[in-house]
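This report walks through the fold of one protein chain, starting with a helix and moving outward to the sheet, the cores and a few single residues. Please keep the sequence and the model in view while reading.

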Amino acid sequence: MRVMGLDYGSKTVGVALSDPLLLTAQGLEIIRREREDKLRQTLARIDAIRMEYGVDRIVLGYPKNMNNTEGVRCEKTRAFKEMLEKRTGLPVVLWDERLTTVEADRVMMEGRIRRENRKEYVDKLAAVFILQSYLDKESRNWKE
């Protein structure tokens, strides 16, 4: 089984998948939509990925503020979590995503990806960081 990581944004969802051994996260795709409230096709695509790759759990980035408070994006993310659970029947874990987009930008700068091209990759890379931090934490728990 695999774990899927999601970076949920207003018009995109970055998608990452774990390997079958739950050691590493790899970016898969970015699901795009024209409007924030148009989620039916996004949910259908996530469900299709779940079935295709044998996903048994979803980790959803939770966008807390730097001072640990929750804003409007957290409310929207919790609503999306409920939709995902209803559509897929899988448990959805909310995972602190603070600084994942900053880290993704830093990695792309180091990789010499041009500024105008970074937006093309940032959501998928942020999903990788969300999922990898979850996998790392879980592997430490399994070893204890």
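The expected span of a helix is 1.5 Å times one less than its number of residues. In this predicted model, helix 2 covers residues 72-88, and its 17 residues reach 24 Å from the first C-alpha to the last, close to the 24 Å expected at 1.5 Å a residue.

Which residues of helix 2 are buried? They are C74, T77, F80, K81, L84 and T88. Seen down the axis of helix 2, these buried residues fall within an arc of 115 degrees, so they line one face of the helix. The face turned away from that buried side carries V72, E75, E82 and K86, which are exposed. On the buried side, the packing partners are strand 1 (2-8), strand 2 (12-18), helix 1 (40-53), strand 4 (55-62) and strand 5 (92-96). After the end of helix 2 comes G89, a residue with a positive phi near 75 degrees.

The sheet itself is open and is formed by five strands in the order 3-2-1-4-5, with mixed pairing. Strand 3 (25-32) and strand 5 stand at the edges with a single partner strand each, so one side of each is left without a neighbour in the sheet. From one strand to the next, the twist averages 25 degrees. Strands of a sheet pair through backbone hydrogen bonds, either parallel or antiparallel. Strand 1 and strand 4 pair in the parallel sense, over five bridges, and G5 stands opposite V59 in strand 4.

Both helices meet this sheet. Helix 1 lies across strand 1, strand 2, strand 3 and strand 4, and runs at about 150 degrees to strand 3. Helix 2 packs on the sheet by touching strand 1, strand 2, strand 4 and strand 5, and its direction makes about 170 degrees with that of strand 4.

The largest nonpolar core has 18 residues, and those with the most contacts inside it are M4, L6, V13, I46, I58, F80 and L84. Strand 1, strand 2, helix 1, strand 4 and helix 2 each supply at least two residues of this core. With its neighbours within four places in sequence left aside, I46 is in contact with M4, L6, V13, I31, I58, F80 and L84. There is also a second, separate core of 12 residues, which includes V3, L22, A25 and W95.

Two residues other than glycine have a positive phi, and the table sets them side by side.

| Residue | Phi | Place | Relative accessible area |
|---|---|---|---|
| L22 | about 60 degrees | loop between strand 2 and strand 3 | 15%, buried |
| N68 | near 75 degrees | loop between strand 4 and helix 2 | 42%, partly exposed |

A last residue to look at is L17, whose place is in strand 2. Is L17 buried or exposed? With a relative accessible area of 4%, L17 is buried, since buried means under 20%. Not counting residues up to four places away in sequence, L17 touches V3, M4, T24, A25, Q26, L28, I49, Y53, V55 and L131. One of these contacts, Y53, is 36 residues apart from L17 in sequence, while the two are 8.5 Å apart in space, C-alpha to C-alpha.

Definitions and conventions: Residues are numbered from 1 along each chain as its sequence is written. This is a predicted model: local features need pLDDT of at least 70, side-chain atom pairs count only at pLDDT 80 or more; totals for chains, interfaces and linings use all residues. Side-chain values use heavy atoms; hydrogens and water are left out. Helices (H or I, at least four residues) and strands (E, at least two) are DSSP runs, numbered from the N terminus. Buried means under 20% relative accessible area, exposed over 50%, partly exposed in between (1.4 Å probe, protein chains only). The arc is that of the directions from the helix axis to the C-beta atoms. Contact means heavy atoms within 4.5 Å. A nonpolar core is a set of buried Ala, Val, Leu, Ile, Met, Phe, Trp, Tyr and Cys residues joined through side-chain atoms within 4.5 Å. Two strands pair if DSSP finds at least two bridges between them. Axes are lines fitted to C-alpha atoms, for helices over the stretch in contact, and angles run from 0 to 180 degrees between N-to-C directions.
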